[in-house]
Amino acid sequence: MREGRVPSRVATPEPPLPERSPIIVWFRRDLRLSDHAALHAAARTGRPVIAVAIRDPLVDALGAAPKWRLGEGLRVFGDALRAAGSRLILRTGDALDVLQRLAEETGARDVWWMRAYDPDSVARDKIVKAGLEARGVTAMSCAGHVLFEPWTVETGTGGFYKVYTPFWKAVRGRGVVAPLPAPSRLPAPDAWPGSERLEDWRMGRAMDRGADIVARWANVGERAAQDRLEAFLDDGIDGYHQTRDLPGVVGTSNLSENLALGEISVAQCWHAGQRARHEGRAGAETFLKELVWRDFAYHLTWHTPHLLTRNWRTEWDAFGWREEADTDEVRAWKQGRTGIAFVDAGQREMYVTGRMHNRARMIVASYLTKHLMTHWRIGQKWFEDHLIDWDPANNALGWQWAAGSGPDATPYFRVFNPVTQLDRFDRDRAYVDRWIAEGQANPPPEALSYFEAVPRRWGLDPDDAYPDPVVEPGEGRARALAAYENRAF
DNA sequence: CCAGCCTTGCT
DNA sequence: GCAAGGCTG
């Protein structure tokens with residue numbers, strides 16, 4: 001005790017000195033150790049790092065499949081932090097309350113995270129930042145969920161891009177900061193704050209229904225994502241520009257679920273793609289363009305958040321979409337029983353695995369919004385509940401693209417013919433036969449797994465006859481085009 | 001203002 | 001060849 005200092009009667013713990021106070025890193029859709037700007041910066045200070053994930057109302061609001069997938073991601077990420085000598089602290093509640101309490105418990109004066117761009121997250125993060133700073137806790141968000149910050153890409157007249165190709169041309173030559181390494185060490189705090197158990201988070205068992213198939217495709221976590229990227233670079237990328245359209249073969253990177261949860265960073269993918277491009281690999285450019293589509297979805301979401309909830313071109317509000325989610329036709333679409341093979345194969349693949357090939361996504365979306373004249377929002381919601389790679393911006397942009405109501409969308413009158421598409425992209429029926437058991441003497445396990453997965457109340461049996469089309473392609477096309485001709489705008 | 005252009009298609 | 005019309009420079 002120094003002279004002149006008045007000893008307090010009640011012994012209160014000294015707050016840690018600022019240079020020793022821990023830094024809280026709040027993990028959301030960025031479940032990785034490498035190329036994580038916030039974690040990297042925190043580790044570089046040499047101060048203790050406390051990683052936290054919060055089950056807040058936005059997590060509770062997730063669809064069943066993405067919630068399950070997030071649970072898997074958190075489990076693997078927690079293991080990875082353990083292996084690095086650290087921990088993932090789990091807490092439930094409103095993010096601000098949780099972070100405020102955790103900061104008080106641990107003496108932390110800094111909370112850092114990776115920036116989000118969807119309107120719900122932006123609104124929440126704004127409240128969190130203001131609330132923390134009002135209590136003297138510094139909040140810092142770092143870039144890295146997208147390649148290019150949405151406000152840094154402008155047209156010649158200072159607006160934002162609404163068409164993909166000019167956007168691509170504007171960014172393709174830009175530099176992207178080289179990925180950061182994983183921290184070499186993550187100093188632990190003097191005492192670990194308490195954590196909830198992931199098992200108690202009830203992230204659901206949505207994908208148990210496809211357990212065998214899902215397990216075979218297991219791709220959870222940073223290590224798995226890096227392995228998959230490497231495998232894709234080894235032999236997938238050369239033919240990517242051609243094979244990516246063929247749902248019957250493994251021709252895509254399959255990284256969407258990892259990108260959705262940030263188990264790999266888009267910058268890591270970008271630099272890998274650039275290296276492949278410099279090596280003259282044929283599909284590299286197409287791969288880079290797909291990464292930029294993901295950015296474009298966030299770019300548009302940032303500038304026009306209503307992309308996620310209503311027709312981006314609001315005049316489409318006057319279009320006669322059917323809004324009922326419970327008609328026989330919509331039920332057939334959801335249950336993969338439209339009688340249109342390409343549509344049903346896609347829907348069944350998604351129901352069992354939580355994934356759907358991009359080509360199939362376009363076809364099921366076109367069939368719902370055009371042949372069935374149903375509002376894209378109903379399809380968007382179904383995807384939100386069933387896709388393990390669900391991403392708010394990309395799902396919305398995809399649906400509005402298919403429906404014709406979105407920016408740079410396919411024109412409404414451009415109606416996909418699901419039979420022609422089959423001939424073009426699944427000529428040997430590898431895809432549809434994989435997912436449709438009816439009529440096959442020896443259906444493959446995937447096709448049978450669908451009948452195991454669906455709820456009993458759907459009343460499906462693999463020995464049933466394959467249904468007749470709920471709407472014939474020709475009839476649906478004519479109906480859609482007539483509705484378009486008679487539109488009120 | 002205009003000219004050129006616009007992921008994925010169909011008959 | 002058709003199907004509109006908006007976007008960008």
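Chain A folds into 21 helices and five strands. Keep in mind that everything here describes a predicted model.

Let's begin with the overall build. Along its principal axes, chain A has C-alpha atoms that fill a box of roughly 95 × 55 × 50 Å. A compact globule of 489 residues would have a radius of gyration near 23 Å, and chain A comes out at 25 Å, so the two agree. Of the 489 residues in chain A, 55% are buried. The chain exposes about 21,900 Å², and carbon and sulfur atoms supply 50% of that area. What about contacts along the chain? If you take the contacts in chain A between residues at least 6 apart in sequence, 80% of them join residues at least 24 apart.

Now for the DNA, beginning with strand B. How many residues surround DNA strand B? There are 19, and the closest are Thr 165, Trp 293, Trp 401, Asp 408 and Asn 417. Sorted by class, the surface near DNA strand B has seven nonpolar, five polar and seven charged residues. Looking from the DNA side, 65% of the atoms of strand B within 4 Å of the protein belong to sugar or phosphate, and the rest belong to bases.

A few polar contacts show how the protein meets strand B. Trp 293 deals with a base: an N or O atom in its side chain is 3.3 Å from a base oxygen of DNA strand B. Asn 417 uses its backbone, with an N or O atom 2.6 Å from a phosphate oxygen of strand B. Arg 424 uses its side chain, where a polar atom lies 2.7 Å from a phosphate oxygen of strand B. The elements that give two or more residues to this surface are helix H6 (164–171), helix H12 (284–303), helix H15 (358–371) and helix H18 (418–425).

On to DNA strand C. The residues around strand C are Thr 155, Gly 156, Phe 160, Tyr 161, Lys 162, Val 163, Pro 166, Arg 313, Pro 411, Phe 413, Glu 485 and Arg 487. By class, that surface has six nonpolar, two polar and four charged residues. What share of the strand C atoms within 4 Å of the protein belongs to sugar or phosphate? The share is 80%, with bases making up the rest.

Here are three polar contacts to phosphate oxygens of strand C.

| Residue | Protein atom | Distance to a phosphate oxygen of DNA strand C |
|---|---|---|
| Gly 156 | polar backbone atom | 3.1 Å |
| Tyr 161 | N or O atom in the side chain | 2.8 Å |
| Val 163 | polar backbone atom | 3.3 Å |

Next, some single residues inside the protein. Tyr 466 sits in the loop between helix H20 (445–453) and helix H21 (473–485). Is Tyr 466 buried or partly exposed? Its relative accessible area is 25%, so Tyr 466 counts as partly exposed. In sequence, Tyr 466 and Gly 339 are 127 residues apart, yet their C-alpha atoms are 6.6 Å apart in space. Setting aside neighbours within four places in sequence, Tyr 466 touches several residues, including Gly 339, Asp 344, Arg 348, Ile 436 and Glu 438. Two backbone nitrogens also come into the picture. A polar atom of the Tyr 466 side chain lies 3.4 Å from the backbone nitrogen of Ile 340, and the side chain of Tyr 466 reaches the backbone nitrogen of Ala 341 at 3.3 Å.

Thr 353 belongs to helix H14 (residues 341–353). With a relative accessibility of 6%, Thr 353 counts as buried. Its side chain has polar contacts with two backbones. The side chain of Thr 353 reaches the backbone oxygen of Glu 349 at 2.7 Å, and a polar atom of that side chain lies 3.0 Å from the backbone nitrogen of Arg 355.

Finally, a look at backbone angles. Most residues other than glycine have a negative phi. Asp 35, though not a glycine, has a positive phi near 45°. Asp 35 is in the loop between strand E1 (23–27) and helix H1 (37–44), and it is buried, with a relative accessible area of 10%. Asn 254 is not a glycine either, and its phi is positive at about 60°. Where is Asn 254 found? Look in the loop between helix H9 (240–243) and helix H10 (256–261).

Definitions and conventions: Residues numbered from 1 in each chain as written. Chains lettered and ligands numbered in written order. Predicted model: local features only at pLDDT ≥ 70, side-chain atom pairs only at ≥ 80, totals over all residues. Heavy atoms only, no water. Near = heavy atom within 4 Å. Polar contact = N/O pair within 3.5 Å; in protein donor to acceptor, adjacent residues only side chain to side chain. Nonpolar A, V, L, I, M, F, W, Y, C, P; charged D, E, K, R; others polar. Helix = DSSP H or I, 4+ residues; strand = E, 2+ residues; numbered from the N terminus. Rg over C-alpha atoms; globule rule 2.2 N^0.38 Å. Buried < 20%, exposed > 50% of the residue type's maximum accessible area, 1.4 Å probe, protein only. Contact = heavy atoms within 4.5 Å. Areas by Shrake-Rupley, 256 points an atom, 1.4 Å probe, with all protein chains shown as cover.
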